[in-house]
Amino acid sequence: SDPSSPRYGQFLSRSEVDRMSAPFPAHLSAVREWLGTLPGAQVEESRGRWLQVHCDAAGAEQLLSTSLAWARHPSSDRMALLAQDFVIPACIAPAVAGIFGLHSGGWAEAPSASAQRVTRSRVEGPNSHNITPPFIRSRYHVGDFAAAQDVGNRRGIISLGCSSNGGEAICQSALEKYVGKYVPDAKPGDWTVSSTNLTMECSYLNSMEIPMDAQLTMGIAPGIPTDIWEVPWNLKKPSDCIALSFLTFTNMVLEKGEDGPWVYSISYNCRDPAIDNGIVDQSNSNLAKIAAMGITVIVSTGDEGAYLDQYSQKLIAEFPATSPWVTAVGGTELAEDDRTERAWNGGGGGFAWSDPVPTWQKAAVADYLATANKSKPFPKEGMYNPKGRGLPDVSAFAANVVVAKPDYPGPNWNRNGTHFDISGGTSAATPTFAALVGLLNGERLRCHGKRLGFLNPLLYAHAEAFTDITSGANLGHGEWGYTAVKGWDPATGLGSPLFDKLLAVVKSSAGLSC
């Protein structure tokens, strides 16, 4: 993934990754034998290394020598099923990377905006310019560039969360209306979803998360085969639910390998202190393997700004954007002049508590910390982790974004009716950037090069391919956060993309001249 390496672009196949990372057969046998001691348990295996055990509470207590009990949070009044410390046999301890999903969890505070899947309303004012695919293509220098055809390019949009939540649908009629309006000479195939496990039907009750992702992705970069998948996890604690769903997603990608999409867009997140460290570690392990296979994962940073946890008094960046193996996308908006971009107030950003600064980001973070104005709103010492992975990596429009939505019930209501409305968030910025990456990937392949894979070492080596955002801040609803300044910053990352310059970079870095 490092463009300065002689092995740049020499990705591993799924079978090569599996051979290099396979557990010892004796370890797998020991775990299977241990699970076999629990009568009535159902065990599902994936690739001989990820085992899901379905059993009742008494069975879990027996297997792990623990006890489960309901607890009530004193301030939120929410209930949680919690386990005491648990024990596994010494003979299987070397084989087990982690045990997840034992707690049903509870929640002491409101979920992040991305977890709630809130629709953001337009802020009226002199800078209320509607952001549409044609505007994005013009602003980010895409012009009339068209997706390369018949090169094997494919992209994926992923929904994370609890299987009990429901509410996810693609809304085909809204997608057709959106692409039909904003894509010149649109053809029926431009809004076709190649593969999905979600319904295509519309309902005003559905979340707009996936419809917005699909509309922006296909509206900005039509003509690329698109898979849309929900990866649920049946837990009652939303933070662990999304985190376990993401871990399941990484296992899914490893199973599909190069036969699946090569660029994934994910607009879901949760705050990392609320997550089992084992989930973070195992996700990062899987993401490193995904990077080795040349697959790109792009995620949103959340919509709470630099969120202050009231219990720890620390600014919290959101998982999985905190992973050093993903490209994290923050938010911008148009300034009052309707021409320049500034940091969007709600854009997530900051420094991870769970992961150190990666090698490819060290210089950028060091420069920022050496020159940043340390007066308020910059956080006080102890409120942030100066040695943590910084995010976002890049940014894109996150305010006043046009979407097509199902009509609400009323007089003369048409169940399949749709209308245009305003939404946004980094849930809009992420599919926007992912759409551009899909175009870049296709051009690489058209020129007989390799797919882009893990992006960050390439992006940080070419900051000139971005518009540096130097105004605005991501304070969210609080008083602490980060101001956009010259160079990389924790409000907008490297800045917003310039497609023409990125196109030149991805060709030159692979030695392509077509």
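## Accessibility and the surface patch

A residue is called buried when its relative accessible area is under 20%, exposed when it is over 50%, and partly exposed in between. W413 has a relative accessibility of 31%, so this residue counts as partly exposed. The structure discussed here is a predicted model. W413 sits in the loop that runs between strand β19 (401–406) and strand β20 (418–423).

W413 belongs to a nonpolar patch on the surface, together with Y204 and Y408. The accessible area of these residues together is about 300 Å². Membership of such a patch requires over 30% relative accessible area, and W413 stands at 31%.

## Domains

The domain assignment divides the protein into domain 1, covering 14–95, and domain 2, covering 133–508. Their C-alpha centres are 32 Å apart. On the domain 1 side 10 residues take part in the contact, and on the domain 2 side 14 residues do.

## A buried asparagine

N269 lies in the loop between strand β8 (263–266) and strand β9 (270–271). The relative accessible area of N269 is 0%, so this residue is buried. Its side chain reaches the backbone oxygen of S300, at a distance of 2.7 Å.

## Cis peptide bonds and the β17 region

The peptide bond between K376 and P377 is cis, with omega at about 20°. P377 is placed in the loop between helix α10 (362–371) and strand β17 (388–391). A cis bond also joins L391 to P392, where omega is near 10°. P392 is in the loop between β17 and β18 (394–397).

K376, the residue before the cis bond to P377, also takes part in a salt bridge with E479, with N and O 2.6 Å apart. This pair connects distant parts of the chain: K376 is in the loop between α10 and β17, E479 is in the loop between β21 (466–467) and β22 (496–497), and 103 residues separate them. Both ends are partly exposed, because the relative accessible area is 47% for E479 and 48% for K376.

## Other salt bridges

Across the whole structure, a search finds 13 salt bridges. One of them joins the side chains of K405 and D421, with an N to O distance of 3.4 Å. K405 is in strand β19 and D421 is in strand β20, so the salt bridge ties together parts that are 16 residues apart in sequence. β19 and β20 are also the strands on either side of the loop that holds W413. K405 counts as buried because its relative accessibility is 7%, whereas D421, with a relative accessible area of 28%, is partly exposed.

A salt bridge within a helix is formed by R446 and E443, whose closest N and O atoms are 2.6 Å apart. The two residues are three residues apart in helix α11 (residues 426–446), so about one helical turn separates them. R446 is partly exposed, at 39% relative accessibility, while E443 is buried, at 5%. Salt bridges also link D18, R47 and R49 in a network.

## Positive phi values

H141 and D185 have positive phi values although neither is glycine: phi is near 65° for H141 and near 55° for D185. H141 is in the loop between helix α5 (133–139) and strand β5 (155–161). D185 is in the loop between helix α6 (172–182) and strand β6 (195–196).

The relative accessible area of H141 is 39%, so H141 is partly exposed. D185 has a relative accessibility of 72% and therefore counts as exposed.

Terms used: Residues are numbered from 1 along each chain as its sequence is written. This is a predicted model: local features need pLDDT of at least 70, side-chain atom pairs count only at pLDDT 80 or more; totals for chains, interfaces and linings use all residues. Side-chain values use heavy atoms; hydrogens and water are left out. Patches are made of residues with over 30% relative accessible area and no salt bridge: like charges are joined within 9 Å, nonpolar side chains (Val, Leu, Ile, Met, Phe, Trp, Tyr) within 5 Å. Accessible areas come from the Shrake-Rupley method with a 1.4 Å probe; for residues, only the protein chains shown count as cover. A salt bridge is a side-chain nitrogen of Lys or Arg within 4 Å of a carboxyl oxygen of Asp or Glu. Helices (H or I, at least four residues) and strands (E, at least two) are DSSP runs, numbered from the N terminus. Buried means under 20% relative accessible area, exposed over 50%, partly exposed in between (1.4 Å probe, protein chains only). A polar contact is a pair of N or O atoms within 3.5 Å; within protein, one must be able to donate a hydrogen and the other to accept it, and residues adjacent in sequence count only if both atoms are side-chain atoms. Domain bounds come from an automatic or database domain assignment. Contact means heavy atoms within 4.5 Å.
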